[in-house]
Amino acid sequence: MATTNKETFVAEIKDLDKRGSGRAVVWVDTGQVNPKKLKLTIPQSLPGERVKVTVPNAERRKRATVYPDEILLRHPERIRPLCPHFDRCGGCVWQHWQYEGQLKQKTSHVKKALAENGFNPELVQDTIGMEDPWKYRNKMEFTFSKDGELGLHEQGNFRKIIPLETCLIASKDMVEATMEIARWAREHQLKGYDKERHEGLLRNVMVRQSKTTGEMMLAIFATDPPEGELTATIDDLIQRITERHPQVKSLLWLENTLWADRAQAENTHVLAGRDFIYDELAGYRYRLWHDTFFQTNPTQAEKLIELALQYGKPEKSDTMIDLFCGVGTFSLPFATRVKKLFGVEIVETSIQSAKRNASDNNVPNTEFIAMDARRGFDLILKKIDKLDLLLLDPPRSGAGGKVMRRIGRAAPERIVYVSCNPITFAEDIAELVPFGYQLKKVQPVDLFPQTYHVECVALLERTNQ
């Protein structure tokens, strides 16, 4: 049997990578004249720390990811993590960092991304944090292990599930209802889905709850329909949830037989209640289905909307486009302040929801189009004489150069960019510079405390008429 050579190093954490892990370089003695450079990724470390690490087969590697064996020099902002799952869970990777330190790092991350693309980093304001950076999420997804235990993915290992004891970024109600499903599955000895053998029953649980209405949705993803031999087991689940968790207004069983490891549904069965819940954001009412994309931190999402309105300065004479509009989270607050708003989103179900949400909230001056951003944008430009204001909130991959150049040629007076990825945001807005646009303001907002993610709202204005 082959043996694994392990070597111990003392590493200095120089900075953090894009996933919030420490980065360091050590030198490996290979017996040659010059030592070999080894790049290390070290989760749960902080900038400036000195840590002891053990690297298997170091002499054969150029890169390695290892955890600290010991912290030799501690960062002054290092704290004890609150969650018992922190050492293994892949979710809250910064629980060991004081919250003020997290916010400073997020501000620095946005500044660096802008500076690398030729923008003045001094335009970036300090990141807006939360008074209470816990229990902020309104949606969580959990996974069953193949032996039926419900939990969270281990950090860096999506085949390993950590059994759920608690989750400190979800509400107490959400955790308790999810634990009820975990106990039900355990007591009935139901098997989880084996990703390698593609067999087993239970795959995922999705839970979402409105912070405003209190309504909750529980959705169980499984490979078989809730009938036949499962009928009595399902009846027990329904009784448990309806009697012990009255805030659950939607209990769903979603069939998913596809091999892809994603929470998706081929058939939907409503076990109790309705197939959606009501939520509210910034004074507007929304219907949320199991697959509806909605801001997962409503407290900070309202700040995003306030900033977008403040930066965009919508006027009653404006014609506006909301690219990547989703279900209308930004569309509705803006539409009540402009003459006409067009929304574009590639996901058909989101557009159906946006239309329904506009109707529910009596916002008639909207037109929503299910189309990719480029084609939808071009279609709208043929319908209007002048584009006054454009808002875009693209996915993490950004809008892309082709979309941004189309925006530049359309020459809207004002552009509000809402970003969940500072790197693609900076690359996108660099495409607008040749069209005479100037970056005016950038405000980072922390929607995901205890993680490396940061959102920001930015204003660009056309200075070259």
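Contact here means heavy atoms within 4.5 Å. The model shown in these views is predicted.

**View 1. Asp318 and its surroundings in the loop between helix H4 and strand E17.**
Helix H4 covers 298-312 and strand E17 covers 319-323, with Asp318 in the loop between them. Leaving aside neighbours within four places in sequence, Asp318 is in contact with Lys313, Val338, Lys339, Lys340, Asp388 and Arg414. With Arg414, the side chain of Asp318 makes a polar contact of 2.7 Å, side chain to side chain. The Asp318 side chain also reaches the backbone nitrogen of Glu315, at 2.9 Å. Asp318 counts as buried because its relative accessibility is 3%, and buried means under 20%.

**View 2. Ser331 in helix H5.**
Helix H5 is made up of residues 331-335, and Ser331 lies in it. The side chains of Ser331 and Asp322 are joined by a polar contact of 2.6 Å. Asp322 is also among the contacts of Ser331 when neighbours within four places in sequence are left aside; the others are Cys325, Leu341 and Phe368. Relative accessibility at Ser331 is 0%, so this serine counts as buried.

**View 3. The largest nonpolar core and a second core apart from it.**
The largest nonpolar core holds 84 residues. Those that touch the most other members are Met140, Ile181, Trp184, Leu202, Leu218, Trp253 and Val416. Helix H2, residues 172-187, gives the most to this core, with eight residues. Another core, of 35 residues, lies apart from it and includes Leu114, Val124, Ile321 and Cys456.

**View 4. The aromatic pairs Trp184–Trp253 and Tyr417–Phe425.**
Counted with ring centres within 6.5 Å, the aromatic pairs come to six. In one of them, the rings of Trp184 and Trp253 have centres 6.5 Å apart and planes at 90 degrees, so the pair is edge-to-face. Trp184 is in helix H2 and Trp253 in strand E13 (residues 248-255); they are 69 residues apart, and the pair links distant parts of the chain. Trp184 and Trp253 are both buried. The rings of Tyr417 and Phe425 have centres 5.0 Å apart and planes at 70 degrees, so this pair is edge-to-face as well. Tyr417 counts as buried, at 0% relative accessibility, and Phe425 counts as buried at 0%.

**View 5. An aromatic cluster, and charged side chains over ring faces.**
One aromatic cluster is formed by Phe276, Tyr278 and Trp289. Arg203 lies over the face of Tyr193, at 4.0 Å from the ring centre. Lys340 lies over the face of Phe342, and here the figure is 5.4 Å from the ring centre. Lys340 also appears in View 1, as one of the contacts of Asp318.

**View 6. Arg50 in strand E5.**
Strand E5 is residues 50-56, and Arg50 lies in it. Not counting residues up to four places away in sequence, Arg50 touches Val10, Ala11 and Glu12, together with Glu70, Ile71, Leu72 and Leu73. The C-alpha atoms of Arg50 and Lys14 are 9.5 Å apart in space, and the two residues are 36 residues apart in sequence. The relative accessible area of Arg50 is 30%, so Arg50 is partly exposed.

Definitions and conventions: Residues are numbered from 1 along each chain as its sequence is written. This is a predicted model: local features need pLDDT of at least 70, side-chain atom pairs count only at pLDDT 80 or more; totals for chains, interfaces and linings use all residues. Side-chain values use heavy atoms; hydrogens and water are left out. Helices (H or I, at least four residues) and strands (E, at least two) are DSSP runs, numbered from the N terminus. Buried means under 20% relative accessible area, exposed over 50%, partly exposed in between (1.4 Å probe, protein chains only). A polar contact is a pair of N or O atoms within 3.5 Å; within protein, one must be able to donate a hydrogen and the other to accept it, and residues adjacent in sequence count only if both atoms are side-chain atoms. A nonpolar core is a set of buried Ala, Val, Leu, Ile, Met, Phe, Trp, Tyr and Cys residues joined through side-chain atoms within 4.5 Å. Rings of Phe, Tyr and Trp (its six-membered ring) pair if their centres lie within 6.5 Å; planes under 30 degrees apart count as stacked, over 60 as edge-to-face and the rest as tilted. A charge sits over a ring if NZ of Lys or CZ of Arg is within 6 Å of the ring centre and within 35 degrees of the ring normal.
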